[in-house]
Amino acid sequence: MPQQLSLSRFSIGVGDRFAHQACAQLQACVQAADAGVPVVPVWNKSNREHTIIGSDPVQTRAAADAAVHELHWAQPYFCDADHINLQTVDRFLEPCDFFTIDVADQIGITAAQADFESFTRRHARLIGAIDLPGLSDPIRITEGDLNRVGRKYLAAALRAAENYRYIEHARGRGTFLTEVSMDETDIPQSPAELLLILAALAAAGVPLATIAPKFTGRFNKGVDYVGDPRIFARELEQDMAVVRYAVDAFGLPSELKLSLHSGSDKFSIYGAVHNAMMKMDTGLHLKTAGTTWLEEVIGLAGSNGDALALVKEIYAEAYAHREELCVPYAAVIDINVASLPTPAAAQRWTAEQWVAGLRHDPHSPAYNSSLRQLMHVAFKIAAKLGPRYIAMLELRKAQVAENVTRNLFERHIQPVFLGVETTANTAEALRR
Ligand SMILES: [Zn+2]
């Protein structure tokens with residue numbers, strides 16, 4: 001592989017449900033590079049997503065390679081087997097070079113007593129107050145914390161190591177990046193817990209590139225953060241300091257950084273994320289997902305004619321099957337059914353009404369977060385339309401691509417990595 005295995009300081013995970021937007025997505029990274037800030041693209045797609053769509057990881061790889069070739073991208077790029085485990089990893093082994101090992105389902109499972117005892121013995125030296133550069137208060141670790149983490153997270157860390165060794169055996173050491181994710185769970189991990197989890201992962205021999213803890217607040221799909229941005233910002237800084245400490249203290253790779261599974265569009269915390277990176281002098285992997293699919297829908301709706309009619313058809317189906325569509329995403333969506341237009345009403349909507357309803361402009365009275373979240377999970381309907389949907393994407397390629405690039409660059413890359421306000425939103429708000 002020509003690329004070096006380094007994520008560099010800034011990287012963005014992009015999802016491409018129908019494998020047609022890789023060029024438009026990469027274009028956003030080209031714009032970032034032109035602005036002097038390299039952001040490495042990582043195409044992520046979970047097994048859940050592949051299963052719902054009926055796609056295969058080799059398609060994601062082919063689309064990424066083609067885009068890199070077409071835009072002459074000379075920087076690193078990766079394909080991420082997102083949220084995999086031992087049951088689902090096999091078909092990702094060849095096409096992917098980034099593996100997000102999801103061990104959330106192991107949280108709370110008790111490790112073997114001998115493993116627990118060796119964990120608590122080995123890390124007993126961490127008990128006490130640890131001063132971390134950049135933080136005004138030390139992180140305090142008690143014997144209770146050590147025992148609790150041993151009971152709650154050690155099995156997950158050991159399972160992650162088992163996954164890692166399986167992938168390493170299949171691919172070869174040093175040929176891929178490893179992320180461990182614990183974000184899809186109910187209770188956030190505190191900075192002290194994160195520190196001990198990193199200690200466990202390092203001791204188990206996982207050469208982590210990124211770690212995705214669960215942060216305070218709700219990270220619903222495709223809509224803004226729900227929670228107190230100040231609490232999030234403080235926690236993020238603490239976690240960043242913990243990660244840096246763990247690199248030296250536990251011998252983890254020096255490029256280790258946090259991965260934020262954002263669910264996309266967390267505008268109210270993007271400024272805090274940027275400020276935390278600057279203050280702590282560190283980087284971040286920002287994972288986004290369905291935001292590109294939603295831009296496809298917006299691009300189609302805005303194109304009017306048959307493309308708008310197809311969006312209305314997808315919506316009517318999604319409305320009829322909303323309950324089953326939402327089940328796999330129950331933990332990460334909050335739809336208020338009363339806010340959804342009936343399919344009959346939505347049928348009468350103009351292109352402008354559709355775009356304004358779907359586009360994530362928090363200042364716009366026409367923006368409808370329930371509609372947006374339902375369309376977020378409606379990609380299954382588009383997948384069922386198969387060639388009809390793909391043909392429309394190809395017919396309206398330019399309109400769709402423009403929305404995809406602008407959304408990624410102006411609403412995600414600029415605020416997070418360049419420290420620019422979300423211009424798309426403010427400009428739209430001013431125009432009214
Ligand atoms: Zn995630």
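This passage describes the strand order, the helix packing, the domain arrangement and selected residues of a predicted model.

The strands S1-S2-S3-S4-S7-S8-S9-S10 form a closed barrel of 8 strands with parallel pairing. Averaged over the sheet and with direction ignored, neighbouring strands are turned by 25° against each other. In general, the strands of a sheet pair through backbone hydrogen bonds, in either the parallel or the antiparallel sense.

Strand S1, which spans residues 10–14, pairs within this barrel with S10 in the parallel sense over 4 bridges, and Ile-12 has Leu-286 of S10 as its bridge partner. S1 also pairs in the parallel sense with S2, over 4 bridges, and here Ser-11 has Val-40 of S2 as its bridge partner. Strand S1 is mostly covered, with 5 of its 5 residues buried. The side chains of a regular strand alternate between the two faces of the sheet. In S1 both faces are covered, with Phe-10, Ile-12 and Val-14 buried on one side and Ser-11 and Gly-13 buried on the other.

Strand S2 (residues 40–46) continues the barrel through its parallel pairing with strand S3 (residues 78–84), which extends over 5 bridges; in this pairing Trp-43 has Cys-79 of S3 as its bridge partner. Val-42, which lies in S2, counts as buried because 27 C-beta neighbours are found inside 10 Å, where 20 or more are required. Apart from neighbours within four places in sequence, Val-42 is in contact with Ser-11, Ile-12, Gly-13, Phe-78, Asp-80 and Phe-98. For one of these contacts, Phe-78, the C-alpha atom is separated from that of Val-42 by 4.6 Å, although the two residues are 36 residues apart along the chain.

Ser-46 also belongs to strand S2, but this residue is partly exposed, with 19 other C-beta atoms within 10 Å. When neighbours within four places in sequence are left aside, Ser-46 is in contact with Asp-82 and His-83. The C-alpha atoms of Ser-46 and Leu-208, which are 162 residues apart along the chain, are separated by 19 Å. His-83, one of the contacts of Ser-46, lies in strand S3 and has a positive phi of about 55° although it is not a glycine. With 23 C-beta neighbours inside 10 Å, His-83 counts as buried.

A positive phi is also found at Asp-281, where the value is near 55° in a residue other than glycine. Asp-281 is located in the loop between helix H9 (267–280) and strand S10 (284–287). With 11 other C-beta atoms within 10 Å, Asp-281 is exposed.

Further along the barrel, strand S8 (residues 210–212) runs parallel to S9 and is joined to it by 2 bridges, with Ile-211 standing opposite Leu-258 in S9. Strand S9 (residues 257–261) is mostly covered, 5 of its 5 residues being buried. Helix H6 (residues 154–171) lies across strand S4 (98–102) and strand S7 (177–181), and runs at about 150° to S4.

The chain is divided into domain 1, comprising residues 10–291 + 413–417, and domain 2, comprising residues 293–398. The centres of the two domains, taken over C-alpha atoms, are separated by 29 Å. At the boundary, 20 residues of domain 1 are in contact with 21 residues of domain 2. On the side of domain 1 that touches domain 2, helix H2 (residues 47–53) gives the most, with 3 residues. The residues of this side divide into 6 nonpolar, 8 polar and 6 charged.

Helix H14 (residues 351–358) has Trp-354, Val-355, Gly-357 and Leu-358 as its buried residues. Seen down the axis of H14, these buried residues fall within an arc of 165°, so they line one face of the helix. The elements that cover the buried residues of H14 include helix H10 (291–302), helix H11 (305–320) and helix H15 (369–377).

Definitions and conventions
Residues numbered from 1 in each chain as written. Predicted model: local features only at pLDDT ≥ 70, side-chain atom pairs only at ≥ 80, totals over all residues. Pairing = 2+ DSSP bridges. Axes fitted to C-alpha atoms, helices over the stretch in contact; angles between N-to-C directions. Contact = placed C-beta atoms within 7 Å. Buried ≥ 20, exposed ≤ 12 C-beta atoms within 10 Å, placed from the backbone. Arc of directions from axis to C-beta. Domains from an automatic or database assignment. Nonpolar A, V, L, I, M, F, W, Y, C, P; charged D, E, K, R; others polar.
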